[in-house]
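Trainee: I should like to understand the terms used for this structure. May I ask you to justify each one as we proceed?

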Amino acid sequence: MVNTDTELSPVVVSVEEGSAAATAGLVPGDVIRAVQGLVPRDVIEWHRLVDDATVELTVGRGGLELDIVVTRKPDEPFGVTVSSAVFDRVQTCDNHCEFCFIYQLPKGMRRSLYTKDDDYRLSFLFGNFTTLTRFTEADLERVVDERLSPLFVSVHATDPAVRSEMLRNERGGVSLRWLGELLRHGIEANVQIVLCPGVNDGAVLDDTLAGILERFPGVANVAVVPLGLSRHNTESRMRVHTASEALDAVLRIEKWAGRFQQVLGRRVVHAADELYLRAGLDVPAAENYGDFGMLEDGIGLVRSFVESFAGRRDDRSHHDGGFFSSVDASPYLRPANPAVETALRRVPGPVAVTIGRSGAAKTPGAIRILSGELAAPVLSALVTDHPNVVVVAVRNDYFGGNTAVAGLLTYEDVSRACSGEPRGTHFFLPDVCLNSGMFLDGHTIDELTTRFDVEVVPASGTVLREKLEQFRARTGAGE
């Protein structure tokens, strides 16, 4: 069967020089019609089909259809990057959650930013969260047969009526049965609860965690995160956690973590750093996070950063690709799901390049570290013994609400903050607010660096420590 629909076909983006594909004559721009006589639905099938010694492809090129045979030596890479992760259209989300951040975006942003998915394949590939409301028996069969594990599941509540109401989807009340089936077949599942004040916190949160312990004891992790709220929110029930509500949530989560530990021998349940910070609490010690395996869910980010800044660990392999990377980034990254995330989620990604206005190395007289308002107090405490280094908490007027994290900073807000600093200041800008050099409001880093002396650095405690040590060594500051 040959696919004749170009829109549903993967396109060759790049071909590795000297690879088997290059030798066979594949070139960027080739449209993949079929592989081994089959039409791949997604990059998962693509990799499986090209993992043979001899791969037969049908490609479209310049209006012609060509048959190409790629012959690979043992362990030789195929050598092709394709244009997308899913070829047969993403399974879009048909929930209408009150807390969905997509509904809270201002108008006029890039079209891709308004994409909502509920696709188990993107859950496996990228760590996107799925509610399982569109999951089917055929999907379960494929996940189990191909061992597509781990998956990431949004639970929010285990009470059928509460969950259905939160998702605004009647299937939300019954679709958690698929989570039980996944666990029964040995598929690892990481669970998320987006906590909404007055909706699924308090006694409902207790009920949800009790339900997970009773019905789904095999889940690997449970991350409880606060909802993200922008000034464009139109849902009357959605509001920011008060300090007392955040404290109540943290105390309940800690209680249940102890119960999971007692019953299962594993902590399992964690509160997002944001809840501790909003409650005015210190984040837990490093030993509470084990190997920091839940950084992707905003669990332990602050402690990881602090430990790395102090030189007790190296966090360079964990830095955020940005809040909306899932719709614009390479399919080989593991980005965040914008529909339900708080923007604290972190994923592995390429280290950003250094960009400066002059393009030449120089010694700045003062450094300003640009940060979201939430993390600014933590950063400020870390740099107290670094003279001429100040943390600037950038207020997010573009999104407003409780969007106080660096991943949602825009050109508009960053440039306003830079304008308020002395002339000649050198700025450190965290790479988490950029995606391929572009801010969420459509402006580019190049526009910013024509106005200010800005250096883009990874959101890493290890890197920040090294940068500040280099600055101290060049200027003799603190001697």
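Trainee: Where in the chain is Val90 placed?

Mentor: In this predicted model, Val90 belongs to the loop between strand S5 (80–82) and helix H3 (120–126).

Trainee: Why is Val90 called partly exposed?

Mentor: The relative accessible area of Val90 is 33%. Buried requires a value under 20% and exposed a value over 50%, so Val90 falls in between and is partly exposed.

Trainee: Which residues does Val90 touch, leaving aside those up to four places away in sequence?

Mentor: Val90 touches Asp117, Asp119 and Leu122. A contact here means heavy atoms within 4.5 Å. In addition, the C-alpha atoms of Val90 and Lys116 are 9.0 Å apart, although 26 residues separate the two along the chain.

Trainee: What makes the rings of Phe101 and Phe399 a tilted pair?

Mentor: The structure holds nine aromatic pairs, and the rings of Phe101 and Phe399 form one of them, with centres 5.9 Å apart and planes at 50 degrees. Rings pair if their centres lie within 6.5 Å, and planes under 30 degrees apart count as stacked, over 60 as edge-to-face. The angle of 50 degrees meets neither of those conditions, so the pair is tilted.

Trainee: Which parts of the chain does this pair link?

Mentor: Phe101 lies in the loop between S5 and H3, and Phe399 in the loop between strand S11 (389–394) and helix H13 (411–419). The two residues are 298 residues apart, so the pair is said to link distant parts of the chain. Both Phe101 and Phe399 are buried. Ring pairs also bring Tyr398 together with Phe101 and Phe399 in a cluster.

Trainee: Why are the rings of Phe129 and Phe152 called edge-to-face?

Mentor: Their centres are 5.8 Å apart and their planes stand at 80 degrees. The angle is over 60 degrees, so the pair counts as edge-to-face. Phe129 is in the loop between H3 and helix H4 (137–146), while Phe152 is in strand S6, 23 residues away.

Trainee: How do you know that Phe129 and Phe152 are buried?

Mentor: Phe129 has a relative accessible area of 4%, and Phe152 likewise has 4%. Buried means under 20%, so Phe129 is buried and Phe152 is buried.

Trainee: What makes Arg177 a charge over a ring?

Mentor: Arg177 lies over the face of Trp178, at 4.0 Å from the ring centre. The limit for the distance is 6 Å, so the distance of Arg177 satisfies it. Arg259 is placed over the face of Trp256 in this way, at 4.4 Å from the ring centre.

Trainee: Why are S6 and S9 described as edge strands?

Mentor: An open sheet of four strands has the order S6-S7-S8-S9, with parallel pairing. S6 and strand S9 (269–271) each have a single partner strand, so one side of each lacks a neighbour in the sheet. From one strand to the next, the twist averages 25 degrees.

Trainee: How do you know that S7 and S8 pair?

Mentor: Six bridges join S7 to strand S8 (residues 221–226). At least two bridges are needed for a pair, so the condition is met. Within this parallel pairing, Gln192 has Ala223 in S8 as its bridge partner.

Trainee: What covers the buried residues of helix H5?

Mentor: The buried residues of H5 (residues 160–167) are Val162, Arg163, Ser164, Met166 and Leu167. Their cover includes strand S6 (151–154), strand S7 (189–195) and helix H7 (202–215). At the start of H5, a side-chain oxygen of Asp159 comes to within 3.0 Å of the backbone nitrogen of Ala161. After H5 comes Arg168, whose phi is positive, near 50 degrees.

Trainee: What makes S2 and S4 the edges of the other sheet?

Mentor: This open sheet of three strands has the order S2-S3-S4 and antiparallel pairing. Strand S2 (31–35) and strand S4 (64–71) each pair on one side only. Strand S3 (residues 54–61) pairs with S4 over eight bridges, and Leu57 stands opposite Ile68 in S4.

Definitions and conventions
Residues are numbered from 1 along each chain as its sequence is written. This is a predicted model: local features need pLDDT of at least 70, side-chain atom pairs count only at pLDDT 80 or more; totals for chains, interfaces and linings use all residues. Side-chain values use heavy atoms; hydrogens and water are left out. Buried means under 20% relative accessible area, exposed over 50%, partly exposed in between (1.4 Å probe, protein chains only). A polar contact is a pair of N or O atoms within 3.5 Å; within protein, one must be able to donate a hydrogen and the other to accept it, and residues adjacent in sequence count only if both atoms are side-chain atoms. Axes are lines fitted to C-alpha atoms, for helices over the stretch in contact, and angles run from 0 to 180 degrees between N-to-C directions. Rings of Phe, Tyr and Trp (its six-membered ring) pair if their centres lie within 6.5 Å; planes under 30 degrees apart count as stacked, over 60 as edge-to-face and the rest as tilted. A charge sits over a ring if NZ of Lys or CZ of Arg is within 6 Å of the ring centre and within 35 degrees of the ring normal.
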